[in-house]
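Subject: Structure handover

Dear colleague,

I am passing on the structure we spoke about, together with my notes on what turned up in it. Please look through the model first and then read the notes against it.

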Amino acid sequence: MTGCMLYSYQPGDASQCLKSSRVVFVGDSVTRGLFFQFMHTVDPTLPKEPPDDGAKHSDHSYVSGSQINFDFVWDPFLNTTSTLALINPPREHSIGGQSERPALLVLGSGLWYLRYADTSGGLSAWEANIEAHIEAINRAQNKPADEVILLPVEEIVPSKLSSERLDTMHSSDIDAMNSDLHHRIKPSANSSWSQFVGSASSSRISLPSVFNKMLDDSQTQDGLHFAEAIVKAQANVLLNLRCNDKWPQTFPMDKTCCRLYPWPGPVQSIVLASLLLYTFAFLYCSRTEAWVVSKERLPVIIFGASISIIYLADRTGLWLKEQKQFNSWTFGFLCLASLAAGLATVRRADKDLGFLNRDQTDEWKGWMQIAILIYHYLGASKISGIYNPIRVLVAAYLFMTGYGHTMFYLKKADFGCLRVFRILVRLNLLTLTLAYTMDTNYLSYYFAPLVTMWFLIIYLTLWIGSQFNDNTSFLVTKIMLSMGTFAAFMNQAWLLEGLFEILERVFFIRWSAREWTFRVSLDQYVVYSGMFAALAAIKIRDNHLTEHPVWPMFVRVSIGVSATVFVWFMYFELVQESKFTYNAWHPYISSLPILAFVALRNATPFLRSCSSRVFAFIGKCSLETFIIQFHLWLAADTKGILLLIPRTNWRALNFVLSTALFIYISHQVAWATGEITGWICGEENTLPTTRNAPTADPHSETVPLTMGGTGNSCSETNTPGCPPRRWVDRLAEGTGPHHSPDFLKSWSGVPLRRLDAKGKITVWAGLMWLANALWTSPLRH
């Protein structure tokens, strides 16, 4: 349907919605076909077409296993006594017999008035009858059913009609009838604005005008009755009309057709109000005579305004949502266009930037994020040949997590709490804010929880016995023990279930152990590959292996092996029977294409000195794009896409506009989050996920894969002629004491500002615990 997301109802969902109720269809042969498909969708044990007993023009009654009574009344003119009794029920039925009132009443008529115009009175008689029925329903004290649906008159395919039907049924008459229905019922009352403000439609009757848009001339043999697939889709529309607004209005919001968005709960309202008040307070305090926003207060204003826009986009009807539509040509075009943009902005530095330098890793994160975004936008997860490489890209992010943090801790041996707090806040500030403002589950934004968990595992692994980290054998053994222990923990489901039960009892957090096991198990070894890669890079540097005579031969062999691994992996993932088959292999082989890419990307000084500006730009805000896409660009908690322009045929323009808005907000939030993190923790944020490059020593040694590199003569100090430092080296340098940003100095009276990082985080943790305890949603963060 245009501008909203249909839910595909399964028998269990439909039976639960209609359990122990009555469903009545009244009408002609078209309505009868819809009745049987609707009934079969709800309960597959019931027939999907009328019995072949010669009694076509008769009533039908069935009872499902969940005690749903299905009745079809044959009345193509909607004028029999039984039909009038349904439309105008007795007063005692309306007041005292609520259990007898149908949950759904579907009325369909029109074609028989045209086919037998001589006896029925034709178009004028139909108009008079429909007008009387609509007025009776709208004026009645109580509706004749919980949901009353009047079907549009079905459009015909004249070229396929029999001569008898062609003489009496004309498309112009059908158009006039549907126009009359439209103006009488006015389905536009259930508009985007009514959904936004939370008001229901004023009409008591629903008109599914989309039915005729679903028809396909090739899917009918007689020009009148359409194929099973179309009628089944129409039956699903009826289920959406009846049931969508009856389900609990909780995350994920993937049923946007025929449904009003919920008002925020009490605690959620407090969170939203606090965010808005804080944002407007900073905006007011930062005003000048020219109403120019003060830069010192800009981070909080940007962050608060962005969260507000995200909320309006995905928790109101301000903008419409639609289902994703996969198209292989669109997927290929977007990938090629992105690649062209990346290659067109490739720039070469004056010097060799070194192994896995900052520009290169930003570029790596950027093009991977673009591929993941295209994959999500088009809903390509069902295509195994696309899903499998995307899984490797997610694993590559975790590989960089293992590599970067291991490099830092082995170089600096700084296991202080301040850096831990800084990383945890930087990774989770946006995610936690969205979890509370959007009333979602923290684990649903799975990337931030994943990298948070792996950072803590890396920290604990390297912190335990850190005084012996210089001993390679001890360090390798420790990493292997960590890997084995974690694998054993994940292999015992009861351990994680027990941990999550404790979190629920103590912190009121309800997480799915099954879902988290799936997310973690897929990539449970690739982080350790990153840790071993960091250790290998350090040992190559410390032992000056690049100066060894066999190093050029080693590089050539590495290039050949890496290219072979790439070809093998692409063949292997394509021949897998399904993505589920591939998932069983993924934890054990995902490191191979990643290591192959790292070797090839750093094979020569030329490759190490080149990077794409477009890809690097996206890479600098990759954390934010991954999280914000859930609600702004995608929609309905990633289940659909956002429409800034409410027309499906403008989808290409909508893609361009929504992408521009999405990237801009993500980039601004990345900067704002980094600044706010610096205030909370009292130190400059130098994490790889921020846009701000550290200001420490701009040079350091490199680990080239060829003898032609310049890194062999570089030291830990400033050395002229050395290439720019790698991002992990800059990360390792740390920073000096940090003064709180100016945008909070005017708030010196606020007690929170006087606390150190531990105190601030303790206060926020306490507030989250209180919010969890008071939250009324069945899903908790």
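**A buried acidic residue and its partner**

Asp254 has a relative accessible area of 16%, and because this is under the 20% cut-off, it counts as buried. Its side chain meets that of Lys255 in a salt bridge, with an N to O distance of 3.6 Å, and Lys255 is likewise classed as buried, at 13% relative accessibility. Please keep in mind throughout that this is a predicted model.

**Overall picture and confidence**

The chain holds 32 helices and 11 strands, and buried residues make up 52% of its 781 residues. Of the contacts in the chain with a separation of 6 or more, 78% are accounted for by residues 24 or more positions apart.

The mean pLDDT of the chain is 85, with 85% of the residues reaching 70 or more. Over residues 188–193, however, the pLDDT is below 50, and the model gives this stretch 10 contacts beyond near neighbours in sequence. A further stretch, residues 684–750, also stays under 50 in pLDDT, and here the model has 186 contacts beyond four places in sequence.

**Other salt bridges**

How many salt bridges does a search of the whole structure find? The search returns 21, and a few of them, in addition to the pair described above, are set out here.

The side chains of Arg22 and Asp71 form a salt bridge at 2.9 Å, N to O. This pair links distant parts of the chain, since Arg22 lies in strand β1 (residues 22–27) and Asp71 in strand β3 (residues 69–74), 49 residues apart. As for accessibility, Arg22 is partly exposed at 30%, whereas Asp71, at 15%, is buried.

Arg519 and Glu515 offer a local case, their side chains meeting in a salt bridge at 3.2 Å, N to O. Both residues belong to helix α22 (residues 513–522), where being 4 residues apart means that about one helical turn separates them. Glu515 counts as partly exposed, with a relative accessibility of 39%.

There is also a network of salt bridges, in which Arg101, Asp146 and Arg242 are linked.

**The six-stranded sheet**

One open sheet contains 6 strands in the order β2-β3-β1-β4-β5-β6, and its pairing is mixed. Its edge strands, each pairing on one side only, are β2 (60–63) and β6 (205–206). Helix α2 (residues 29–42) packs on this sheet and touches β1, β2, β3 and β4, with a direction that makes about 170 degrees with that of β3.

Strand β4 (residues 104–107) pairs with β1 in the parallel sense over 4 bridges, and it is also joined by 4 bridges to strand β5 (residues 147–150), again running parallel. Taken residue by residue, Val24 has Leu105 as its bridge partner in β4, while the partner of Phe25 in that strand is Val106. Val106 in turn has a bridge partner in β5, namely Ile149.

Are the faces of β4 covered or open? Both are covered, with Leu104 and Val106 buried on one side and Leu105 and Leu107 buried on the other. As background, the side chains in a regular strand alternate between the two faces of the sheet.

**A buried glutamine in a loop**

Gln524 sits in the loop between α22 and α23 (526–542), and at 9% relative accessibility it counts as buried. Its side chain is joined to that of Tyr525 by a polar contact of 2.8 Å. Leaving aside residues up to four places away in sequence, Gln524 touches Trp454, Phe486, Ala487 and Met490.

**Where to look again**

If you go back to the model with these notes, you may wish to treat residues 188–193 and residues 684–750 separately from the rest, given that the pLDDT is below 50 in the former and stays under 50 in the latter.

With best wishes

Notes. Residues are numbered from 1 along each chain as its sequence is written. This is a predicted model: local features need pLDDT of at least 70, side-chain atom pairs count only at pLDDT 80 or more; totals for chains, interfaces and linings use all residues. Side-chain values use heavy atoms; hydrogens and water are left out. A salt bridge is a side-chain nitrogen of Lys or Arg within 4 Å of a carboxyl oxygen of Asp or Glu. Helices (H or I, at least four residues) and strands (E, at least two) are DSSP runs, numbered from the N terminus. Buried means under 20% relative accessible area, exposed over 50%, partly exposed in between (1.4 Å probe, protein chains only). pLDDT is the predictor's confidence in each residue, from 0 to 100. Contact means heavy atoms within 4.5 Å. A polar contact is a pair of N or O atoms within 3.5 Å; within protein, one must be able to donate a hydrogen and the other to accept it, and residues adjacent in sequence count only if both atoms are side-chain atoms. Two strands pair if DSSP finds at least two bridges between them. Axes are lines fitted to C-alpha atoms, for helices over the stretch in contact, and angles run from 0 to 180 degrees between N-to-C directions.
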